[in-house]
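Biologist: I am new to this structure and would like to learn how to read it. Please show it to me before we begin.

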Number of protein chains: 2
Amino acid sequence: MAALNLSNMKPEDFKEFMNSFDTVLTDCDGVLWIYSEIISGSPQTINRLKEIGKKIFYVTNNSTKTRDELYKKSQDMGYKSDKEEVVSTAYLAAKYLQEQGFKDKVYVIGSTGITQEMDMAGIKHTDIGPDHMPSSLPQLISQKLDPEVKAVVVGFDEHFSYPKMLKAASYLARKDCLFVATNTDEQFPMNTELVIPGTGSIVRAVETCGARNAFVVGKPHSYISEFLVKTHKIDPTRTIMIGDRCNTDILLGKRCGFKTLLVLSGVSTVNEINSWKESSDEELRQLVPDFYIGKLGDLLPMME
Amino acid sequence: MAALNLSNMKPEDFKEFMNSFDTVLTDCDGVLWIYSEIISGSPQTINRLKEIGKKIFYVTNNSTKTRDELYKKSQDMGYKSDKEEVVSTAYLAAKYLQEQGFKDKVYVIGSTGITQEMDMAGIKHTDIGPDHMPSSLPQLISQKLDPEVKAVVVGFDEHFSYPKMLKAASYLARKDCLFVATNTDEQFPMNTELVIPGTGSIVRAVETCGARNAFVVGKPHSYISEFLVKTHKIDPTRTIMIGDRCNTDILLGKRCGFKTLLVLSGVSTVNEINSWKESSDEELRQLVPDFYIGKLGDLLPMME
């Protein structure tokens, strides 16, 4: 387990590093931006990598936005992106259902990010938004299920509620019902007193009452890599994954045979890496990136 | 792993069986009643066991009712119970907090079963009921937390919602915040198309966003036994646990050194037991009861 600091690398080693990949998968939040703030130097670095011939993909677990919306966000922030380069989990969920030849209706726990991707893929779905508890449990239990539903897709949903759990679990009890989750991030990192539950908390609730595990399309699950290999012919051995979160970004890279670069502008820290390096737990050692650097923009002067 | 059918037992073996315990812990739903229906023969059997000198405890994971309410229900159905014999998880949650010397306020995800037990124990708590999502995420995030809260108690709550997850996770991030769950049952058994999520689904959601495991007072966790040993001086080696659900009732018995008797009037079946007996998985073999019988009432004629 290495975890080399790129900033300390000799120029010849850095050149070798740069020649070791032709495809860059970059996480978005924590690497390119933090919510609506650009991380300084990131756009120039990504644009330079593209100029020198690297294929770029923007790979995010965010399920609340469509690919179009993420593409526009990246453009607005100065990233010279193409729409095809954006790979988001709402989009992947729709792609996965298409691959399965899905022709029925999806019960969606999520937001417009998911329903709009379903619309674009021509997949029928239920409505999103609040689903409040009726005034009594017997009323809830006397509700009718939608006979067409043959898949449950779970993403981030701030209107997640007990009636949604009940419906999801009931649909999941149907024979051949597909079960897809966008991602399993437990929390959103925030610098406030509040802890903001992530999609993973919602997924665990539905998995528990549904007594089944979801097929997860987001990082660190390998579907995203299979999709890129199939659709964009990437070569995993010539690919680097850049991210700020070891248990999603770096772990994805490790599982898929990518090189891995951690940037310290987001969630994970050097102290964490150092503690994992020494761990006797193989799962923790898997979280250690091959390389790390303060922020993505620190690469730019080294590349000149 | 035996799993003897009590109905096939020779009279002398049955006598030995009856002499092997002085304390009976009985589950309620599926053994004594199913929702509001008495299971025929169960009241007479429990009352006879009491008459011949066995100590009886009614042990239920149901967190929606207070001990008083469960006591009244048992009385109405013809069980010659005492209030002290009823051990429910809402009551146990309050007892546990008292034992910890808890003096602050509890954030409750649950129903009146929990808040009334808290009131009776003199423990301050937040209100229950709907907590709907404000019209936007920024509004949700700008909410204030209650500075007094130093414990989160999670039980069954049909008004469970994303804002509740956020508050629970935020309180759980506080130093020294206690985290108690009444039980972890994944689903309520129902003979309908609908699957009714149990408290366990809610607990998993909160554990995931709170990044902590709850202290569970209900079956199959051993707190209930520790409570009975301490408060009622039961002798685990002279105790039998009767239940209809192997992963709560029988597992509790196995973990606590009780004898275990499965009744087939509820969730678990003989086929399941037989498959577990053969399993190479030690955890599944632990679910196999020492004894089983069709229903509790089948014991009565054997006792005469």
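Biologist: Does Glu85(A) count as buried or exposed, and at what relative accessibility?

Modeller: First, the ground rules. This is a predicted model, in which local features need pLDDT of at least 70, side-chain atom pairs count only at pLDDT 80 or more, and totals for chains, interfaces and linings use all residues. Residues are numbered from 1 along each chain as its sequence is written, chains are lettered from A and ligands numbered from 1 in the order in which they are written, and side-chain values use heavy atoms, with hydrogens and water left out. Buried means under 20% relative accessible area, exposed over 50%, and partly exposed in between, using a 1.4 Å probe and protein chains only. Glu85(A) counts as buried, at 9% relative accessibility.

Biologist: With which residue does Glu85(A) form a salt bridge?

Modeller: Side chains of opposite charge can pair when their charged atoms come close. A salt bridge here is a side-chain nitrogen of Lys or Arg within 4 Å of a carboxyl oxygen of Asp or Glu. The partner of Glu85(A) is Lys50(A), with the closest N and O atoms 2.7 Å apart. Glu85(A) lies in the loop between helix 3 (67-76) and strand 6 (86-88) of chain A and Lys50(A) in helix 2, so the pair ties together parts 35 residues apart in sequence. Helices (H or I, at least four residues) and strands (E, at least two) are DSSP runs, numbered from the N terminus. Lys50(A) is partly exposed, at 26% relative accessibility.

Biologist: How many salt bridges does the structure hold over all chains?

Modeller: There are 40 over all chains. In one of them, Asp27(A) meets Lys219(A) at 2.7 Å, N to O. Asp27(A) sits in the loop between strand 2 (23-26) and strand 3 (33-34), and Lys219(A) in the loop between strand 13 (215-216) and helix 9 (223-232), so this pair links parts of chain A that are 192 residues apart in sequence. Both residues, Asp27(A) and Lys219(A), are buried.

Biologist: How is chain A related to chain B?

Modeller: Copies are superposed by least squares on the C-alpha atoms of residues with pLDDT of at least 70 in both. A turn of 180 degrees and a shift of 0.0 Å along the axis lay chain A on chain B with an RMSD of 0.0 Å. That is the relation of a two-fold axis. In chain A, the C-alpha nearest the axis belongs to Ser161(A), 2.1 Å from it.
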